[in-house]
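User: I am new to this structure and would like a close look at a single part of it. Please keep the answer plain and explain how that part sits among its surroundings.

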Amino acid sequence: MVAILKILYKFKYLLLGLIAVLVGVIVYMFTKKDDQSEVVTAGENPNFPTSTLTTPRIKLLVTQLFDAMDGFGTDEAMIFSALEGLNPNDYKKLYDAWGNKPYDVITGGEAPFEFISQGGDLTHWLAFELSVTDINKIKHLFQ
Ligand SMILES: [Ca+2]
């Protein structure tokens, strides 16, 4: 028994080294990223293609959607033209870029004050501005 302890003591640095490597391997295994998380952007739905919309394009489409909906009335054709060919991940980018714009149900556009707002995200705006029939044409984007 004493002989074994003497041997272990002789190789203590080697043993400490092995323990350190083992701990390192375990930490790596628990903290390494899932391969898919590097491909799919956070918040994107992996069942649809990754959005290829560029930031200037997103800004343009958000402006187009806002112009189509702000104030009295709705320019449905402009809304459909902005959303044409997009997938749910593209819509997510527009949704995020839109952010929160207070909506006024009386004027049918941007509310001057937050407290009279009825929900200001893009999906709420579209729901207020479009008929049920029109919403059904684009609801595949809301996933
Ligand atoms: Ca409007």
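Which residues of α6 are buried?

Analyst: The model is a predicted one, so a word on confidence comes before the helix itself. Across the protein chain the pLDDT averages 85, and 79% of the residues score at least 70. Residues 35-39 are a weak stretch: pLDDT stays under 50 there, and the model has two contacts beyond four places in sequence for them.

The protein chain holds eight helices and two strands. Read from the N terminus, their order is α-α-α-α-α-α-β-β-α-α. Of its 143 residues, 15% count as buried. Among contacts with a separation of 6 or more, 53% join residues 24 or more positions apart.

Now to α6. Its buried residues are Asn89, Asp90, Tyr91, Lys92, Lys93, Leu94 and Trp98. The cover over these residues includes α4 and α7. Just after α6, Gly99 has a positive phi of about 70°.

Leu94 is a good place to see how α6 meets its neighbours. Setting aside residues up to four places away in sequence, Leu94 touches Ile58, Leu61, Val62 and Leu122. Leu94 also belongs to the largest nonpolar core, which has 14 residues. Val62, Leu65, Leu94, Leu122 and Trp125 are the members with the most contacts inside that core. At least two core residues come from each of α4 (55-69), α6 (88-98) and α7 (122-129). The largest share, five residues, is given by α4. As a general background, nonpolar side chains in soluble globular proteins tend to be buried together.

Since α4 is part of the cover of α6, its own layout is worth following. At 1.5 Å a residue, the 15 residues of α4 should span 21 Å, and the C-alpha atoms at its ends are indeed 21 Å apart, which agrees. Buried in α4 are Leu61, Val62, Leu65, Ala68 and Met69. These residues lie on the same side of α4, because they cover an arc of only 125° around the axis. In general, an α-helix has 3.6 residues a turn, so residues three or four places apart point the same way. Thr55, Pro56 and Thr63, on the other side of α4, are exposed. The buried residues of α4 are covered by elements that include α5 (76-83), α6, β2 (109-110) and α7. Just after α4, Gly71 takes a positive phi of about 80°.

Met69, a residue of helix α4, shows the contacts of one of these buried positions. It counts as buried because it has 24 C-beta neighbours inside 10 Å, and the cut-off for being buried is 20 or more. Beyond its neighbours within four places in sequence, Met69 is in contact with Thr74, Gly109, Trp125 and Glu129. One of these partners, Trp125, is 56 residues away along the chain, yet the two C-alpha atoms are separated by 7.7 Å.

A residue outside the helices serves as a contrast. Gln118 is in the loop between β2 and α7. With 14 C-beta neighbours inside 10 Å, Gln118 counts as partly exposed. Leaving out residues up to four places away in sequence, Gln118 touches Tyr103, Val105 and Phe128. Tyr103 is 15 residues from Gln118 along the chain, and their C-alpha atoms are 5.5 Å apart.

To return to the part you asked about, α6 has its buried residues covered by elements including α4 and α7, and these three helices each supply at least two residues of the largest nonpolar core.

Notes: Residues are numbered from 1 along each chain as its sequence is written. pLDDT is the predictor's confidence in each residue, from 0 to 100. Two residues are in contact if their C-beta atoms, placed from the backbone, lie within 7 Å. A nonpolar core is a set of buried Ala, Val, Leu, Ile, Met, Phe, Trp, Tyr and Cys residues joined through C-beta atoms within 7 Å. A residue is buried if 20 or more other C-beta atoms lie within 10 Å of its own, exposed if 12 or fewer, and partly exposed in between; C-beta atoms are placed from the backbone. Helices (H or I, at least four residues) and strands (E, at least two) are DSSP runs, numbered from the N terminus. The expected span of a helix is 1.5 Å times one less than its number of residues. The arc is that of the directions from the helix axis to the C-beta atoms.
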